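Thanks for making time this morning. I would like to walk you through one protein chain, slowly, and I will try to explain each term when we come to it.

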Amino acid sequence: MSVRELVVLGTASQVPTRHRNHNGYLLRWDGEGFLFDPGEGTQRQMLRAGVAAHDINRICVTHFHGDHSLGLAGVIQRINLDKVPHPVTAHYPRSGQRFFDRLRYATAYRETVALLEAPVDTDGSLVRTSGYTLEARRLSHPVEAYGYRVVEPDGRRMLPDRLAAHGVKGPDVGRLQREGSLNGVALEDVSEVRRGQRFAFVMDTRLCDGVYALAEGCDMLVIESTFLDEDESLAVDFGHLTAGQAAGVAREAGVRHLVLTHFSQRYTDPAEFERQARAAGYEGDLTVARDLDRIQLPKRRA
């Protein structure tokens with residue numbers, strides 16, 4: 001049975017708090033796992049959340065600030081200690097190769113797993129499989145940063161009334177799906193497009209074209225909202241978003257489920273992030289993330 005959910009491992013920005021670990025997010029996408037931005041403490045948070053090293057197929061790092069990458073050393077060593085039986089691919093900004101190298105070989109350990117390095121240096125598709133395409137877009141931050149987007153290919157939904165009208169039934173339905181036409185009946189005659197699901201992960205950035213491109217039409221958008229709206233000038237100075245800005249992106253992009261995260265330690269009332277997001281006009285499903293949350297992706301659009 002396919003599972004698509006976000007497991008939140010940490011939600012703090014820069015400085016962890018008593019209630020928030022540094023960043024870390026695992027996206028379960030059917031049989032694969034994407035680990036995004038493993039900050040310090042990610043390995044322990046994985047244990048608390050019931051996430052195993054075997055669950056990781058890809059590691060996606062947006063940029064090389066410590067709260068988004070210092071957990072790499074421990075996670076990589078755990079992958080090797082547990083002898084994960086499949087290759088793991090790491091995506092990260094190419095300009096940070098020296099940081100990745102230092103973290104990968106921070107201490108001595110025995111390498112038992114194929115860790116494939118796939119650095120990112122341009123917008124576009126990184127990998128295409130039968131189940132998804134992984135894309136990247138450049139963001140606006142003091143160091144080079146990329147956001148990531150997982151897109152399921154569109155499929156087709158069979159329509160029983162049209163099948164019956166064309167006399168297609170039983171094994172012939174499967175044949176028609178595989179072959180595209182059968183006895184003069186085209187697949188398009190008895191089906192409609194079933195839009196694939198879309199997930200985007202946007203961390204440290206100012207508003208920019210990349211943010212909107214990543215968010216466009218997403219079923220779930222995980223996005224930083226480091227600051228509240230009254231501190232917008234700080235957000236611009238340090239290359240971050242406010243809760244209202246993040247929600248405005250989600251509203252304009254038609255996002256179905258907005259997940260706000262990466263909160264500054266200066267704020268003590270998480271509910272204020274939701275209030276400001278709603279004030280910005282976002283009306284879809286909204287989660288102000290907490291450590292160890294498990295958030296299901298919305299069902300496919302009807």
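Let me begin with a word that I will use often: a residue is called buried when its relative accessible area is under 20%, exposed when that area is over 50%, and partly exposed in between. Cys60 has a relative accessible area of 0%, and therefore it counts as buried. Please keep in mind throughout that what you see is a predicted model.

Let me stay with the cysteines for a moment. How many disulfides are there? The count comes to zero, where a disulfide would be a pair of cysteine sulfur atoms within 2.5 Å. Cys60 takes part in no disulfide, and the nearest cysteine sulfur, which belongs to Cys218, is 14 Å away. Cys208 is in no such bond because its sulfur lies 14 Å from the closest cysteine sulfur, in Cys218, which is too far. Is Cys208 buried or exposed? Its relative accessibility is 17%, so Cys208 counts as buried.

Now I would like to turn to a strand, S14, which covers residues 198-202. Five of its five residues are buried, so the strand is largely enclosed by the rest of the structure. To picture this, it helps to know that in a regular strand the side chains alternate between the two faces of the sheet. In S14, Arg198, Ala200 and Val202 are on one side and Phe199 and Phe201 on the other, and both faces are covered, since these residues are all buried.

Which strands does S14 pair with? With strand S9, residues 146-151, S14 pairs in the antiparallel sense over four bridges, and there Arg149 stands opposite Ala200. With strand S15, residues 220-224, S14 pairs in the parallel sense, again over four bridges, and in S15 the bridge partner of Ala200 is Leu221. Ala200 is thus a good residue to find on the screen, with Arg149 as a partner in the one pairing and Leu221 as a partner in the other. Between S14 and S15 you can also follow helix H7, residues 209-215, and together these three elements make a right-handed β-α-β unit.

From S9 we can trace the pairing further, away from S14. S8, residues 133-138, runs antiparallel to S9, and six bridges join the two; here Glu135 stands opposite Arg149, the residue we met a moment ago opposite Ala200. S8 in turn is joined by four bridges to strand S7, residues 124-128, and this pair also runs antiparallel. Val127 of S7 stands opposite Leu134 in S8, and the hairpin that joins the two strands passes through four residues.

Next, let us look at the backbone. As a general point, most residues other than glycine have a negative phi. Gln14 has a phi near 60 degrees, a positive value in a residue that is not glycine. Gln14 lies in the loop between strand S1, residues 4-10, and strand S2, residues 24-29, and with a relative accessibility of 63% it counts as exposed. Asp30, which is not a glycine either, has a positive phi of about 55 degrees. Where does Asp30 lie? It is in the loop between S2 and strand S3, residues 32-36, and, at a relative accessible area of 33%, Asp30 is partly exposed.

Gln14 also leads us to the pockets. The largest pocket holds about 350 Å³ of space and is lined by 17 residues, with Ser13, Gln14, Thr226, Phe238 and His240 lying nearest its centre. Its lining divides into four nonpolar, ten polar and three charged residues. The second largest pocket has a volume of about 230 Å³, and its lining includes Thr17, His19, Arg20, Phe263, Tyr267 and Asp269. That lining divides into four nonpolar, five polar and two charged residues.

Finally, Thr17, one of the residues lining the second largest pocket, gives us a sense of distance. The C-alpha atoms of Thr17 and Arg178 are separated by 53 Å, and the two residues are 161 residues apart along the chain. Arg178 is in helix H6, residues 171-179, and its relative accessible area is 65%, so it is exposed.

How values were computed
Residues are numbered from 1 along each chain as its sequence is written. This is a predicted model: local features need pLDDT of at least 70, side-chain atom pairs count only at pLDDT 80 or more; totals for chains, interfaces and linings use all residues. Side-chain values use heavy atoms; hydrogens and water are left out. On a 1 Å grid over the protein atoms alone, a cavity is a set of points where a 1.4 Å probe fits but cannot get out, and a pocket is an open set with protein on both sides within 12 Å along at least five of seven lines; lining residues have an atom within 4 Å of a point. Grid points are joined across faces, edges and corners, and a volume is the space filled by probe spheres set on the points. Ala, Val, Leu, Ile, Met, Phe, Trp, Tyr, Cys and Pro count as nonpolar, Asp, Glu, Lys and Arg as charged, and the others, Gly among them, as polar. Buried means under 20% relative accessible area, exposed over 50%, partly exposed in between (1.4 Å probe, protein chains only). Two strands pair if DSSP finds at least two bridges between them. A crossover is right-handed if, with the strands pointing away from the viewer, the path from the first strand over the helix to the second runs clockwise.
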